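Trainee: Please take one part of this model and go through it closely. I would like the buried residues, the charged pairs and the contact between chains in one connected account.

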Amino acid sequence: MEQFDDVIIDIQKLSFSRGDRAIYKNVDIQIPRGKITAIMGPSGTGKTTLLKLIGGQLRPESGSIFIDGKDIPRLGRRELFEMRARMGMLFQSGALFTDISVFENVAFPLRIHTDLSEEMIRDVVLMKLHAVGLRGARDLMPSELSGGMARRVALARAIALDPDIVMYDEPFTGQDPIAMGVLVNLIRRLNRALGHTSIIVSHDIQETLAIADYIYLISDSEVIARGTPEEMASESSQKVRQFIQGLPDGPVPFHFPAADYQADLLQDS
Amino acid sequence: MRIRIMEIGVGAFLLAGIVALLMLALNVSGLKLMESNDTYRVYARFENIGGLTARSKVTMSGVLIGQVTDIRLDPEALQALVEMEISKDVDYLSIDSSASILTAGLLGEKYIGVVVGAEEEYLQDGDYFEDTQSALVLEDLIGKFLFNEVSE
Amino acid sequence: MIELVARLGRTGLRKLEAFGLAGIILMQSLIARPAPTVMFPLVVKQIHFVGVLSLIIIVVSGLFIGMVLGLQGYTILVDYGSEQAVGQMVALSLVRELAPVVTALLFAGRAGSALTAEIGLMKATEQLSSLEMIGVDPLRRIIAPRFWAGFICLPVLATIFSLVGILGGAFVGIDWLGIYEGSFWSNMQNSVDFREDVLNGLIKAVVFGFVVTWIAVFQGYDCVPTSEGISEATTKTVVYASLSVLGLDFILTALMFGDI
């Protein structure tokens, strides 16, 4: 287990459960500054929950989440909102505000957190939209965009304030191959150009392996493996191999727990 | 432009609400603006007010000149004491004017009718009508009528 | 038996919790509201949405209810030879009761359900979460303007409803049934009191606006963010809001016009 030189997010002994179901049990995760870190795992393991915990939208039962030395769950309301100005989040559905145009969507965080003049806001918004290739779509309403375009607009909005941390919630899900390629490229380019820290939550293995610098694999409320993409590919653990190679059966069984097949069938007659 | 249209719509909507309230106030409830400013109070004692209520009309020759504001029992005279507000314009009610309680139609509402007398002095704020006539109570009338029939 | 009591207790606690959450939402959106410059355009937009767009249904219903009242009142009162009292009857029943209650019921169906569905959908599409992550409290940004708009719109709508209803009644009474115009209006003016009737009706409308909007935004904010959840929340809004309006109307009427 390697140690990073410069850790921006340090999660220590994090526990969180929903109802009776434990989502995380004593999990430690370190996110290196300026890199792309991927959190991977099967559906339903609470990857999105992790992003919400980092953003302070949920509070853990125990444990700490330090961002630059500040413990998120213990921040006051105002400090938390200040901290969120340093984060951008790309939601799974894009989560554009449906009642305002593309331009206003991207301008929204700027209007909230800065006192920039209208011309400055216009310049910044056009720059961000240009970066995602949608400068020409600024007057459209979100309902007029395709899924891939909506996600790119949401990305422009997420980076509008030049945040230190950008979180991507399942950015590749439900995209056609072209849109997926565009997004993969964008995430990598933006990360290099703007120098922010990226956290990607995903279960799309190929795309994620292609751009991530470091990977955490989560299963059964624990981190079961961590390392660079190369290390992950050569990991010998059965569970990891099943996930990385996409095998239908393995330690994560194909069958939902059930009674003996033969007995079950015969019982009916 | 779209925002402009919406704002005009909202402005018109709120204005319509205020206009509607004004019309309800003036046309439906008959509220008079500045009504209490230019009136003066006079009093009258009646044997029986027979259904007169606060806010009943006070008229002279059928013209509205004021309204009843309060009705209470005068414990000394053992009569009903009616307080009414008369419009300041009507300052020519002589001190021997009479006030009677009348009925609009057979079953209609009760109101006070004022008939002016001949004196040169006029009623001032706080004065009393000396000459009053109580409400005609239908039961009494019928009773009298029957009594007269029997006695004849 | 123990099981039954336990279940009852659990349900009670859940309801209490929901009520507490509704209270918190109410406090947050009313007290901690954003600066007026930010708030004003948002409220204007919501007044447009819940008020201006509800105007047609309110005017049409008001007109017909007023006309029906005029017609029914006439057929009853003409037997006693006091058809001039139609104006008084139409005006009093509209101003005191029908305008606030019917407007609130229509408002719950037209605007309340739309509010719930809109907020529920914003929740389902992560727009509320997204606002939070941008550092904006959705209670202030989304809930508070809708609240104020509902609060302002219902009394305005109820007033318009009253007026249109009375005009409808006057149309039927005077132009159609031939009641003498002067006695129609003077009877009405003599019996309707501004403070007693018009203002009390307005107070009712304000209370209903408050309750209906509260229920609508709470159901939207609290719904399960799926299609079933939103449809269930919308139904709940209409049912709970209508029942609350009718129940509150009795209490308010007793307080205002009853001798308690």
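Mentor: C153(C) is buried, because its relative accessible area is 0%. This is a predicted model. C223(C) is buried too, because its relative accessibility is 6%, under the 20% cut-off. Neither cysteine is in a disulfide: over all chains the structure holds zero of them.

Stay in chain C and turn to a buried acid. D197(C) sits in helix α8, which covers residues 194-222 of chain C. Is D197(C) buried or exposed? At 2% relative accessibility it falls under the 20% limit, so D197(C) counts as buried. Which residues does it touch, once neighbours within four places in sequence are set aside? D197(C) is in contact with L92(C), V95(C), R96(C), S191(C), V192(C) and F257(C).

One of these contacts is a charged one. D197(C) and R96(C) form a salt bridge, and their closest N and O atoms lie 2.7 Å apart. R96(C) belongs to helix α4 (residues 86-124) and D197(C) to helix α8, so the salt bridge ties together parts of chain C that are 101 residues apart in sequence. The two ends are not equally covered. D197(C) is buried at 2%, whereas R96(C) is partly exposed at 28%.

F257(C) is another of the residues in contact with D197(C). Its place is in helix α9, residues 227-257 of chain C. F257(C) is partly exposed, because its relative accessibility of 23% lies between the limits of 20% and 50%. Beyond four places in sequence, F257(C) touches R96(C), E196(C), D197(C), N200(C) and K204(C). So R96(C) appears in the contacts of D197(C) and in those of F257(C). One distance adds to the picture of F257(C). Its C-alpha atom is separated by 30 Å from that of V50(C), a residue 207 places away along the chain.

Now set that salt bridge beside others. Over all chains the structure holds 18 salt bridges. In chain A, D68(A) pairs with R33(A), with 2.8 Å between the closest N and O atoms. This pair also links distant parts of its chain, 35 residues apart: D68(A) is in the loop between β4 (62-67) and β5 (70-71), and R33(A) is in the loop between β2 (21-32) and β3 (36-40). Here both partners are partly exposed, D68(A) at 37% and R33(A) at 34%. The pair is not isolated. R33(A), D68(A), R86(A) and D164(A) are linked in a network of salt bridges.

Chain B offers a strand-to-strand case. The side chains of R45(B) and D74(B) meet in a salt bridge, 2.8 Å from N to O. The pair links parts of chain B that are 29 residues apart, with R45(B) in strand β1 (residues 39-46) and D74(B) in strand β3 (residues 63-74). R45(B) is partly exposed at 30%. D74(B) counts as buried, because its relative accessibility is 11%. As with D197(C) and R96(C), the acid is buried and the arginine is partly exposed.

Last, the contact of chain C with chain A. Chain A puts in 24 residues and chain C puts in 16 residues. The size of an interface is often given as the accessible area lost when the parts come together. Between chain A and chain C the buried area is about 1800 Å², and carbon and sulfur atoms give 54% of it. How many salt bridges are there between chain A and chain C? The count is one. D99(A) forms a salt bridge with K45(C), and the closest N and O atoms are 3.7 Å apart. Seven residue pairs are in polar contact across the interface, both residues being at pLDDT 80 or more. On the side of chain A that touches chain C, α2 (77-84), β6 (87-90), α3 (102-113) and β7 (165-169) each supply at least two residues. The largest share, four residues, comes from α3(A). By type, the residues on that side of chain A divide into 12 nonpolar, six polar and six charged.

Terms used:
Residues are numbered from 1 along each chain as its sequence is written. Chains are lettered from A and ligands numbered from 1 in the order in which they are written. This is a predicted model: local features need pLDDT of at least 70, side-chain atom pairs count only at pLDDT 80 or more; totals for chains, interfaces and linings use all residues. Side-chain values use heavy atoms; hydrogens and water are left out. Buried means under 20% relative accessible area, exposed over 50%, partly exposed in between (1.4 Å probe, protein chains only). Contact means heavy atoms within 4.5 Å. Buried area is the accessible area (1.4 Å probe) that two parts lose on being put together, summed over both. A salt bridge is a side-chain nitrogen of Lys or Arg within 4 Å of a carboxyl oxygen of Asp or Glu. A polar contact is a pair of N or O atoms within 3.5 Å; within protein, one must be able to donate a hydrogen and the other to accept it, and residues adjacent in sequence count only if both atoms are side-chain atoms. Ala, Val, Leu, Ile, Met, Phe, Trp, Tyr, Cys and Pro count as nonpolar, Asp, Glu, Lys and Arg as charged, and the others, Gly among them, as polar. A disulfide is a pair of cysteine sulfur atoms within 2.5 Å.
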